[in-house]
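Here are a few exercises to work through with the model open beside you. Try each one yourself before reading the solution.

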Amino acid sequence: MAEYKAVVNDKKTGKSYNMTVTGHHANSLTGKCVGEIIDGIFVGLPGYKLQITGGSDGNGTPMRKDLPGNKRRMLLMSEGLGFHEKYPGQRRRVAIHGCAISEKIVQINMAVTEYGPKSIEETIAGESSE
């Protein structure tokens, strides 16, 4: 059974919230790609719409939106996510994970696109008190 750490970024306040996604909600996230908009109910935020902005696997290998599939690959890169050149023209073979969420992914980064009736802090506080 899959388990993910979801990091939800609130663009209005600039705060990020860590949430654990388990069970059938985690299984429904499997197969989604970076850039997709999902319902907030999957991470415990009913009424919200969230966009998947990235993530990483257990080794810390980042996901790339432009790399299809759900496996880790070695790419020759000159710039971009996962590699920053030290001198102009430098290229290097770097491990990058595909855009699809699989069981190997540990952390999923998300950003709020539509807000719900309650604030995120109120929703989280309501869940922890129950």
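**Exercise 1. In which sense do E4 and E7 pair, and over how many bridges?**

Keep in mind that you are looking at a predicted model.

Step 1. Find the two strands: E4 covers 49–57 and E7 covers 105–114.

Step 2. Compare how they run: E4 and E7 pair in the antiparallel sense, over eight bridges.

Step 3. Pick out one spot on the ladder. Ser 56 sits in strand E4, and opposite Ser 56 stands Gln 107 in E7.

Step 4. Check the surroundings of Ser 56. Beyond its neighbours within four places in sequence, Ser 56 is in contact with residues including Thr 61, Pro 62, Met 63 and Gln 107. Its relative accessible area is 16%, so Ser 56 is buried.

**Exercise 2. Work out the order of the strands in the open sheet, and find its edges.**

Step 1. Walk across the sheet: the five strands come in the order E2-E1-E7-E4-E3, with mixed pairing.

Step 2. Look for strands that pair on one side only. Those are E2 and E3 (37–39), the edge strands.

Step 3. Look at the twist: ignoring direction, neighbouring strands are turned by 35° against each other on average.

Step 4. Zoom in on one edge. E2 pairs with E1 in the antiparallel sense over six bridges, and Val 7 has Asn 18 in E2 as its bridge partner. E1 and E2 make a hairpin with six residues between them, and Gly 14 in the turn has a positive phi of about 80°.

**Exercise 3. Which side chains of E2 are buried, and which are not?**

Step 1. Follow the strand and note the alternation: Tyr 17, Met 19 and Val 21 point to one face, whereas Ser 16, Asn 18 and Thr 20 point to the other.

Step 2. Now check burial: Tyr 17, Met 19 and Val 21 are buried, but Ser 16, Asn 18 and Thr 20 are not.

**Exercise 4. Which residues touch the most other members of the largest nonpolar core?**

Step 1. Start with the general idea: in soluble globular proteins, nonpolar side chains tend to be buried together.

Step 2. Read off the residues. The core has 24 of them, and Tyr 4, Val 8, Val 43, Ile 108, Met 110 and Ile 120 touch the most other members.

Step 3. See where the core comes from. E1, E2, H1, E4 and E7 each give two or more residues, and E7 has the largest share, with four.

Step 4. Take Ile 108 as a sample. Not counting neighbours within four places in sequence, its contacts include Tyr 4, Val 7, Leu 29, Ile 52 and Ile 101.

Step 5. Don't miss the other core, which lies apart and has five residues, among them Leu 67, Met 77, Phe 83 and Ile 96.

**Exercise 5. How many salt bridges does the structure hold, and what do they link?**

Step 1. Count them: there are three.

Step 2. Glu 121 and Lys 15 meet at 3.0 Å, N to O. Glu 121 is in helix H2 and Lys 15 in the loop between E1 and E2, so this pair ties together parts 106 residues apart in sequence.

Step 3. Arg 72 joins Asp 57, with the closest N and O atoms 3.5 Å apart. Arg 72 is partly exposed at 43%, while Asp 57 is buried at 5%.

Step 4. Asp 66 bonds with Arg 64 in a salt bridge at 2.9 Å between the closest N and O atoms. Here Asp 66 is exposed, at 54%, and Arg 64 is buried, at 17%.

Terms used
Residues numbered from 1 in each chain as written. Predicted model: local features only at pLDDT ≥ 70, side-chain atom pairs only at ≥ 80, totals over all residues. Heavy atoms only, no water. Core = buried A, V, L, I, M, F, W, Y, C linked by side-chain atoms within 4.5 Å. Buried < 20%, exposed > 50% of the residue type's maximum accessible area, 1.4 Å probe, protein only. Contact = heavy atoms within 4.5 Å. Pairing = 2+ DSSP bridges. Axes fitted to C-alpha atoms, helices over the stretch in contact; angles between N-to-C directions. Salt bridge = Lys/Arg side-chain N within 4 Å of Asp/Glu carboxyl O.
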